[in-house]
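Let's take a walk through this structure together. Have the sequence and the 3D view at hand, and we'll go one stop at a time.

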Amino acid sequence: MAEHGEVVPEAEIRATLDTLLKMPPFARSPKLARFLRFVVEEELAGQGAALKAYTIATQALGRGGEFDPTLDPSVRVEAGRLRRTLDECYARAGADLGVRISVPVGAYRPQFERPAPTLEPPVPAEEPAAPRAAESEPQPVSMPLPPARLVVAFSPRGQAAVIALLSGILIMLCIEVGLLIGARHATRTDQIQLMNAAAQAK
C-alpha cells in the first residue's frame, strides 16, 4: 500500500526489498528477514488486509497451529525489532534506497513510499573580497593649517640697534614737544607784555 495514495511500482518495491535483505542487520537475523519478506509479498499479492499475528507466526516465523497471539506476544516483539532494524537500514543507506518500506505501529501491513527528496542547501551569495590591509587602515584626515604668523627674529646686536633707534626717536619727540611748549609760552608772554604796554600808553 502506498502512503498518501501514491502508487509505487512493484518492481521498485522488490528491488528495495532485495537490497534491504542483503544489508547486515537483516543478514544477521534470518527471522526478521522472513518476517519482512512475508509481509511485503502478501501486500504485493493483494493479501495485506489479512495480515494478522497468527498468520505471521505460523507462515513466516515457523510457529505451530496452536499459536495463540493473545497469550504469546512474540509476533509483537518481532514486529518492534523489525521497525527498529528498518530505521537502522534507512539511516545507513539514506537516499540509496529508492522506496521506503515501513510497518506502522499497531499493524503488520507494510507501507511503501518514496523518500522525501533531500533539499540542497542554499548556495551562499558570494561575499565581497576582504579589503587589503592598506585599504582597511584608517586614512589620516587632512586638517587645514592655521594662518602663518610673521615672526621676525633679531640678533642681540640688532635688538640693541632697534632699542637705540627707538630711544632716539623718543628723545627727539620729547625735545620737539618741549620746544613747542616753550614757543607757546614765549608767545603768550609777548602778548601779555604788548597788552601791558598798550595799557600804559593810554
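What follows is a tour that starts with one helix, moves into the core and ends with the charged pairs.

Before setting off, keep in mind that this is a predicted model.

A good place to start is helix α3, which covers residues 30-44. How far apart are the end C-alpha atoms of α3? They sit 21 Å apart, and because 15 residues at 1.5 Å a residue should span 21 Å, the model agrees with what you'd expect. Just past the end of α3 you'll meet G46, which takes a positive phi of about 85 degrees.

Now look at which parts of α3 are tucked away. The buried residues are L32, A33, F35, L36, F38, V39, V40 and E43. And what covers them? The cover includes the helices α1, α2, α4 and α5, along with the strands β1 and β2.

Pick out F35 from that helix and see what it touches. Setting aside neighbours within four places in sequence, F35 is in contact with I56, A60, L61, V75, E78, A79, L82 and Y108. F35 also shows up when we turn to the largest nonpolar core, which holds 34 residues. Within this core, L20, F26, F35, L36, I56 and V75 touch the most other members. Helices α1, α3, α4 and α5 each supply at least two residues of the core.

Next, hop over to T85, which you'll find in helix α5. Is T85 buried or exposed? With a relative accessible area of 9%, T85 falls under the 20% cut-off, so it counts as buried. Leaving out residues up to four places away in sequence, T85 touches P25, F26 and L32. We've already met two of these: F26 is among the core residues that touch the most other members, and L32 is one of the buried residues of α3.

Time for the charged pairs. How many salt bridges does a search of the whole structure find? The count is 9, and we'll visit some of them here.

Begin in helix α1, residues 10-21, where R14 and E10 are 4 residues apart, which means about one helical turn separates them. Their side chains meet in a salt bridge, at 2.9 Å from N to O. Both ends are partly exposed: R14 has 30% relative accessibility, while E10 has 39%.

R14 has another partner as well. E41 forms a salt bridge with R14, with the closest N and O atoms 2.8 Å apart. This pair links distant parts of the chain, since E41 belongs to helix α3 and R14 to helix α1, 27 residues apart. E41 counts as partly exposed too, at 26% relative accessibility. Through shared partners, these salt bridges join E10, R14 and E41 into one network.

One more stop: R114 and E12 form a salt bridge whose closest N and O atoms are 2.6 Å apart. Here again distant parts of the chain are linked, with R114 in the loop between β2 and α6, E12 in helix α1, and their positions 102 residues apart. R114 is partly exposed at 35% relative accessibility, and E12 is partly exposed at 29%.

Definitions and conventions: Residues numbered from 1 in each chain as written. Predicted model: local features only at pLDDT ≥ 70, side-chain atom pairs only at ≥ 80, totals over all residues. Heavy atoms only, no water. Salt bridge = Lys/Arg side-chain N within 4 Å of Asp/Glu carboxyl O. Buried < 20%, exposed > 50% of the residue type's maximum accessible area, 1.4 Å probe, protein only. Core = buried A, V, L, I, M, F, W, Y, C linked by side-chain atoms within 4.5 Å. Contact = heavy atoms within 4.5 Å. Expected span 1.5 Å × (residues − 1).
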